[in-house]
Amino acid sequence: MAAVARRLRTPSLRDLLRRYLREQLYPGFDEPDAPVDITECPDLSPRTRVALHTSARATFYAPSELCGPGGMHSEMIRCSSRWFKRYPRYDTVFVRLSGAEGLRGMAVARVRGFLSFPYGMTMHECALVEWFELASDHPDPLTGLWVVKPEMAGNRRAVEVISTDSIVRASHLLAVHGRTRMPRGFHFSNTLNAFKRYFVNSYADYHTHELLS
Amino acid sequence: MFLPALIGYVPDQMIQCIAAFLDFSYIARRPSHDTHSLAAMEAALDRYFRLRDIFIDTGVREAFSLPRQHALLHWVRMIKQFGSPNGVCTSIAESKHIRAVKRPWRASNRNNPLVQILRTNTRLSKLAAARAEFGRRGILRGDIVSYAQRKVRTCFMSSVLSPSHMVSQVGLAPLEDDEDDGADTLEGLIAAREDVDDAPGYHAEPHVSLARTHGVFHVHEPPSALTDRDF
């Protein structure tokens, strides 16, 4: 776990995993957004073997896409520090929320790593994500796309460990450029770090459009 | 579709116009429609036709007598009548052109080809029809040996199972019924396909599974090396 935490640059990984365990083992016990003290979460040994996966496959029913038999469609979600040994690639995903708030009951998050670890008799599959939050309550009047911004906790990104079962599929964010010029030599792999606001592209494919409308 | 990339480079109304058109075409692509989606389609089309004047105002076009854009008006009614087009593409008709025109033309001797092409197509469709009919009657299953085996087996089974031996001798004719799953025939194939589509629970919930391979990182240091820095 220590090595994974170092690699993900998340020293609080153990606490995050413990909070995740509480959420998984006692679903619906806490009020959403209610602060939970870490001592009330299930304990997890620091020597737990945590595996770090660099990709996951999302499978969903999307008959309007080019799809397999019965309308099933699948895609890869990547979170790799050196994708094809070239540049970092961390995809964004739609995460199902418990309520109907947000984008049709979903939120946008960026996956930093897919993790799996044993606890009790089960193998937990989860993802370390950085949250995005809606920048306003209504879509952008010009394009009709929703706008999100990175959610901050203090001066750092808000991170959480979520179950892979709550991930719906990959999403596509487009930067809100504004009027400023791009710096020369800007690499596209930094796009999801650099901007203050992003459009949630509902025209990425037909299924996304169906999800968001 | 990188629509926001155009912001600031073209008039705002043009972006709204294109967004309305995109909404229309993305909804049209859906596999099934209800009153809400059709209403949304009509609303998007309405917006599009209202906003597209910007192309005249900026001098891109002089008029909109474009047949394809006019055809958009008929989409909603046609979907109500005939169902969702579900991403049908004109290139399907294009690929039919190969079988219907190009191959028969190659099969002809290039002398007065039209008559030959028509005759080839007529014969091919008759053959296809005969094939479907033979398949329906169960003639096209396996070869003559397997047919004989089936017949013997059915005969044997019925002689064992039926109470009267007299009946078993006569009971040869309805041999297809017991094991005919119909999968060889065209109708059978279509029925099987529909079974798949309608199977309850087949349309699974979205599901995410991790990659099979992963790097395992576990603590190599002695426990004393686990400092507060990590936790």
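**Figure 1. Contact between helices α1 and α2 of chain B in the predicted model.** Gln13(B), Gln16(B), Cys17(B), Ala20(B), Phe21(B), Asp23(B), Phe24(B), Ile27(B) and Ala28(B) of α1(B) face a set in α2(B) made up of Ser37(B), Ala40(B), Met41(B), Ala44(B), Leu45(B), Arg47(B), Tyr48(B), Arg50(B) and Leu51(B). By class, the residues of this contact are twelve nonpolar, three polar and three charged. Helix α1(B) comprises residues 12-28, and its axis lies 8 Å from that of α2(B) at an angle of about 150 degrees. Since angles over 145 degrees count as roughly antiparallel, the two helices α1(B) and α2(B) are therefore described as roughly antiparallel to each other. The crossing of α1(B) with α2(B) is left-handed.

**Figure 2. Packing of helix α2 against helix α5 in chain B.** Helix α2(B) spans residues 35-51 and helix α5(B) spans residues 75-82; their axes are 10 Å apart and enclose an angle of about 160 degrees. Because of this angle, α2(B) runs roughly antiparallel to α5(B). The crossing of this pair is right-handed. From α2(B), the contact involves Leu38(B), Met41(B) and Glu42(B), and from α5(B) it involves Trp75(B), Val76(B), Ile79(B) and Lys80(B). Five nonpolar and two charged residues make up the contact of α2(B) with α5(B), with no polar residue. Met41(B) thus appears in the contact with α5(B) and also in the contact with α1(B).

**Figure 3. The largest nonpolar core, with 22 residues.** Which members of this core touch the most other members? They are Ile77(A), Val111(A), Phe114(A), Trp131(A) and Ile167(A). Two or more residues each are supplied by β2 (55-61), β3 (72-83), β5 (92-96), β6 (106-119), β7 (122-134) and β12 (167-171) of chain A, and by β1 (207-210) of chain B. Strand β6(A) provides the largest share, four residues. Ile167(A), setting aside neighbours within four places in sequence, contacts Ile77(A), Val93(A), Phe94(A), Val95(A), Phe114(A), Ala127(A), Ile162(A) and Val208(B). A second, separate core holds 18 residues, among them Leu38(B), Leu45(B), Ile54(B) and Val76(B). Of these, Leu38(B) and Val76(B) also take part in the contact of α2(B) with α5(B), while Leu45(B) belongs to the contact of α1(B) with α2(B). In soluble globular proteins, nonpolar side chains tend to be buried together.

**Figure 4. Surroundings of Cys126(A) in strand β7 of chain A.** Is Cys126(A) buried or exposed? Cys126(A) is buried, because its relative accessible area is 0%. Apart from neighbours within four places in sequence, the contacts of Cys126(A) are Leu17(A), Tyr20(A), Gly113(A), Phe114(A), Leu115(A), Phe117(A), Val161(A), Ile162(A), Ser163(A) and Thr164(A). Between Cys126(A) and Phe114(A), the C-alpha to C-alpha distance is 5.9 Å, with twelve residues of separation in sequence. Phe114(A) and Ile162(A) are also among the contacts of Ile167(A).

**Figure 5. Arg104(A) in the loop between β5 and β6 of chain A.** The relative accessible area of Arg104(A) is 56%, so this residue counts as exposed. Where contacts with residues up to four places away in sequence are not counted, Arg104(A) touches Leu211(A), Leu212(A) and Ser213(A). Arg104(A) and Leu212(A) are 108 residues apart in sequence, yet their C-alpha atoms lie 6.4 Å apart. For chain A overall, residues 24 or more positions apart account for 56% of the contacts with a separation of 6 or more. Chain A contains four helices and 14 strands, and 49% of its 213 residues count as buried.

**Figure 6. Positive phi values at Arg9(A) and Phe84(A).** Arg9(A) is not a glycine, but its phi is positive, about 55 degrees. Arg9(A) sits in the loop between α1 (2-7) and α2 (13-25) of chain A. With a relative accessible area of 70%, Arg9(A) is exposed. Phe84(A), likewise not a glycine, has a positive phi of about 50 degrees. The loop that holds Phe84(A) lies between β3 and β4 (87-90) of chain A. Phe84(A) is exposed, with a relative accessible area of 57%.

Definitions and conventions: Residues are numbered from 1 along each chain as its sequence is written. Chains are lettered from A and ligands numbered from 1 in the order in which they are written. This is a predicted model: local features need pLDDT of at least 70, side-chain atom pairs count only at pLDDT 80 or more; totals for chains, interfaces and linings use all residues. Side-chain values use heavy atoms; hydrogens and water are left out. Axes are lines fitted to C-alpha atoms, for helices over the stretch in contact, and angles run from 0 to 180 degrees between N-to-C directions. Angles under 35 degrees count as roughly parallel, over 145 as roughly antiparallel, 65 to 115 as roughly perpendicular and the rest as oblique. A crossing is left-handed if the near helix is turned anticlockwise from the far one by less than a right angle, and right-handed if clockwise. Contact means heavy atoms within 4.5 Å. Ala, Val, Leu, Ile, Met, Phe, Trp, Tyr, Cys and Pro count as nonpolar, Asp, Glu, Lys and Arg as charged, and the others, Gly among them, as polar. A nonpolar core is a set of buried Ala, Val, Leu, Ile, Met, Phe, Trp, Tyr and Cys residues joined through side-chain atoms within 4.5 Å. Buried means under 20% relative accessible area, exposed over 50%, partly exposed in between (1.4 Å probe, protein chains only).
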